[in-house]
Amino acid sequence: MQNMEALPYFPGCTLKQRAAGFDRSARDVFSALGSPLAELPGWNCCGATFPLTVENLLDLTGPARILVSARAEGTRLAVACAACYNVLRRTNHLLRTDAEKREKVCLFIESEYDGDLEVVHILELLHREIGCGHVRQALRRPLEGLRVAAYYGCLLLRPAAEVGFDDPESPVLLDELLAAAGAAPVSYPHRGECCGGYLAVRSEEAALEASKRVLMAISAAGAEVVVTSCPLCQYNLDRRQAAIARQEAGFRPVPVLYFTQLLGLALGADGAGYRLDEHHVDPRPLLKERGLVEG
Amino acid sequence: MGADRDREGQLPVGQGREACAGTGRRIGVFICHCGSNIAGSVDVRRAAETVRGLRGVACATDYGYMCSDPGQALIRQSIAEQGLDGIVVAACSPSMHEATFRRAAEAAGLNPYRVEIANIREQCSWVHQEDREKATQKAIALIASLVEKVRGDDPLEPLGTPVTRRLLVIGGGIAGMTVALEVADAGYEVILVERGAELGGRLRQIRETYAALTPLAAPLQTLIERVREHPRIRVLLGSEVESASGYVGSFTVTVRPAAGANAPGGYRSEADPAGGTQHEVGAIVVATGYELIPLSRLGEYGGGRVADVVDALEFERLLAQEVPRRPSDGRVPRRVAFVQCAGSRDPEHGVPYCSKVCCLYTAKQALLYRQRVPDGEAVVFVIDVRTGGRRYEEFVQRAMEEGHVLYLRGKVAKVFRQGDQVIVWGVDTLAGRNVEVAADLVVLAAAVVPSAGAAELGRRLRATTDELGFFREAHPKLRPVESLTAGIFLAGAAQAPKDIAETVSQAEAAAAKVLGLFSRPELVQEPTVATVLQELCAGCGLCVSACPYEARSLNARLRVAEVNAALCQGCGACVVACPNKACVVRNWRPEQTLAMVGAVLGEVQ
């Protein structure tokens, strides 16, 4: 696995702004494991949500353009953001299986594309290709029984036939990867439940309800930290804990990290650029206590 | 064409319009107008005039509707009056009326295998409506071709094959036992093959049945004893069908010990342990029943992961105790949630169809639970309740009113364990809100699927199963108990989900079909099958591999190929394969075919 060729990588807009710590830590993890990520040149926004209207051609042109330029770089495209992954993977699936739409989209963006690129999420790459064994060997600061709640959310898992990622009812990839890093993943049933997503835009109350359901279960399971791979999940779960603490007397806030932040630190990264200070529930006391960041 | 039709309408019954000219072999040609279906694009009168001059044609006439009673009378009378020894009816597809015209000819004393159909409707008038001239020419060519065929047709007699009056029943549940008893009581031998260790099937797992809460154990035991003690029924437990060959009336079935039988500590197989025994039977009934979809496939309902999520058959077992106790800790559950359509009507996770029996047995189980645990609560999640059947709706109402079972209309989203309870997330679509039920036990009405190995058994029997493994019936409305393979019949849930009453009905219907078959002195079959000219056959065996019906074999002693006429469908694949032209299908001899082609090409006067 050492010194592999650099892998074409799509960071996406959020990882350049609000979730810059996710981008930086993802690069750290892959560099530490000997397969550095190479940012796709000249990329554009994926559109953020997969278009669900029947006549969705125009909305597909953005992600299609990304797929075309990635195909010029190689046969695979690594994606970190769960939302971008969902959009790119489903667009790729559609272009592969619907010849008529593929032709129209290709004509519009004046490119040729036959759908033979593989869109892969970095979690899948780490688990299924680089392998848990390799992660275990490369550990510099094992997580030593850290009780972590692996939170998958919706976008990695569904629709299962299109995103093809783990068992949607009982996902294990993230748990197994964290266990390889020495953590003790906690069991809780809400790992694939919705965090509230974009509901916050329309109904703060409904979004809070959704996040609360997930967080209460995580809290009841005794987790010390939550990890995710979706900037929106991270935002919802992190941001709403103050409100939940006001409603529920016994609720104990839990920091919410990107899984690569935790993994990057375990692999010896110094945490520079992880923007840990921007999290609403401050993860630094826990990370310091565990010797993962410098005191 | 209106004028033509009017004239035809006035035609006296049984009298051809034209006088017949008699020379050589006496063939009559009868051209149908089919109203304007044929006459609209084919000049039928010109066709009649033209073919009248063909070699061997004694008379040719046209008529409005040849299949009508007057049309058939015209044919019969022409045969009698003209002394015809062969006829061509130019009309619609032979799949429509070949049998009609053959019967009419036979009634007039003509051998029915000297009746041929020239299809000038589907293959001519309907597809050439734009060009009357060419359509007429094509119709004439088709008729001329069939005239050539009739010239070479031999008079044939239908083939008779004997019937072995013994039945094989596969499956010892209520369906198989019912068929076996009916047929054995009527005086025939029955071999009943059951792969399990006992007779009784799923009914052994069910104590009381809807809708009258009838206890089943005693009548089931009586039935099992009757089967076991019947002098004409031979029960082979721990056995399964390894292979089957032959055809209706004459199957050879090999039965071997079932996988799992005879294992150390397991049950004993009653089949010959030395690799299986052969049985000669005349008919087979498939009654292999059903099982429930594995809980592990119902992951979103906690299936396979949460101990206190059970399927309905397991709950049936729990209910058999004085008070039901849940698997995880033996506590009496105070609140039980029933989830209907667990895997049914759910193409994404389970099966697309309705399992049919769950609405009623869930009502039964909820009611029985409430009787056993009077202070317990029963909540049923349903998409809707389907209660077609005698007193079924009343029974569900009884569960709601007398049993105080709470029905919530909406699908369940998720089932998971929390502490020592099982949480059910669902939706109440009538109230329009999400609901969460904390239950002590969850019962899944898991989808009914075919028994394991059903599709494989179907392949061994050459009886087709559908994409889900249920055996296919010959016709969904008109032949519901026959498989697509003659002599193989279906009973019970092997064909589709059914309740006990329906299963017994179908089993008795299957028995009636078997008895009908056994009551015939012999089976009659079309004689237009392949034959071998032994003096030309080199015994190369190409015909054996070419035959899609396993009707061909090599006679090792004579070193020639043979035909099993009962299996042959007359398809002609062997004729094409044979390098020596030793294979011939009756009334499709090569010289006939060549003469037909010649006629189409206008080489015959």
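User: Domain bounds come from an automatic or database domain assignment; on that footing, which domains does the assignment give for chain A?
Analyst: This is a predicted model, in which local features need pLDDT of at least 70 and side-chain atom pairs count only at pLDDT 80 or more, while totals for chains, interfaces and linings use all residues. Residues are numbered from 1 along each chain as its sequence is written, and chains are lettered from A and ligands numbered from 1 in the order in which they are written. For chain A the assignment gives domain 1 (7-121) and domain 2 (141-289).

User: How many residues do domain 1 and domain 2 of chain A put into their contact?
Analyst: The centres of these two domains of chain A, taken over C-alpha atoms, are separated by 24 Å. The contact between them takes in 22 residues from domain 1 of chain A and, from domain 2 of chain A, 23 residues.

User: Which element supplies the largest share of the side of domain 1 of chain A that touches domain 2 of chain A?
Analyst: Elements here are DSSP runs numbered from the N terminus, helices (H or I) having at least four residues and strands (E) at least two. On this side of domain 1 of chain A, two or more residues come from each of helix H1 (20-32) and helix H3 (82-97) of chain A. The largest share, 9 residues, belongs to H1(A).

User: How many charged residues lie on that side of domain 1 of chain A?
Analyst: Ala, Val, Leu, Ile, Met, Phe, Trp, Tyr, Cys and Pro count as nonpolar, Asp, Glu, Lys and Arg as charged, and the others, Gly among them, as polar. Sorted in this way, the side of domain 1 of chain A that touches domain 2 of chain A has 11 nonpolar and 6 polar residues, and its charged residues number 5.

User: In the open sheet of chain A with the order S6-S5-S7-S8, which are the edge strands?
Analyst: This sheet has 4 strands, and their pairing is parallel. The strands that pair on one side only are strand S6 (184-185) and strand S8 (256-258) of chain A.

User: Which residue stands opposite Arg147(A) in S6(A)?
Analyst: Two strands pair if DSSP finds at least two bridges between them. Strand S5 (residues 147-150) of chain A runs parallel to S6(A) and is joined to it by 2 bridges. Opposite Arg147(A) in S6(A) stands Ala184(A).

User: Into which domains is chain B divided?
Analyst: Between the centres of domain 3 and domain 4 of chain B, taken over C-alpha atoms, there are 60 Å. The full division of chain B is domain 1 (2-152), domain 2 (166-289 + 451-518), domain 3 (294-447) and domain 4 (530-586).

User: In the open sheet of chain B with the order S2-S1-S3-S4, by what angle are neighbouring strands turned against each other on average?
Analyst: The 4 strands of this sheet pair in parallel, and its edge strands, which pair on one side only, are strand S2 (57-63) and strand S4 (115-119) of chain B. With direction ignored, the average turn between neighbouring strands is 15 degrees.

User: Which residue in S4(B) stands opposite Ala91(B)?
Analyst: Strand S3 (residues 86-91) of chain B and S4(B) run parallel and are joined by 5 bridges. The residue opposite Ala91(B) is Asn119(B).

User: At what angle do helix H4 and helix H5 of chain B pack?
Analyst: Axes are lines fitted to C-alpha atoms, for helices over the stretch in contact, and angles run from 0 to 180 degrees between N-to-C directions. Helix H4 (residues 69-82) and helix H5 (residues 94-107) of chain B have their axes 8 Å apart and pack at an angle of about 40 degrees.

User: Which residues make the contact of H4(B) with H5(B)?
Analyst: The crossing of H4(B) and H5(B) is right-handed, the near helix being turned clockwise from the far one by less than a right angle (anticlockwise would be left-handed). Contact requires that the C-beta atoms of two residues, placed from the backbone, lie within 7 Å. From H4(B) come Gln72(B), Ile75(B), Arg76(B) and Ile79(B), and from H5(B) come Phe101(B), Ala104(B), Ala105(B) and Ala107(B).

User: What is the bridge partner of Val241(B) in S12(B)?
Analyst: Strand S11 (residues 239-247) and strand S12 (residues 250-257) of chain B pair in the antiparallel sense over 8 bridges. They form a hairpin with 2 residues between them, and Gly249(B) in the turn has a positive phi of about 90 degrees. The bridge partner of Val241(B) is Val255(B).

Conventions:
Domains from an automatic or database assignment.
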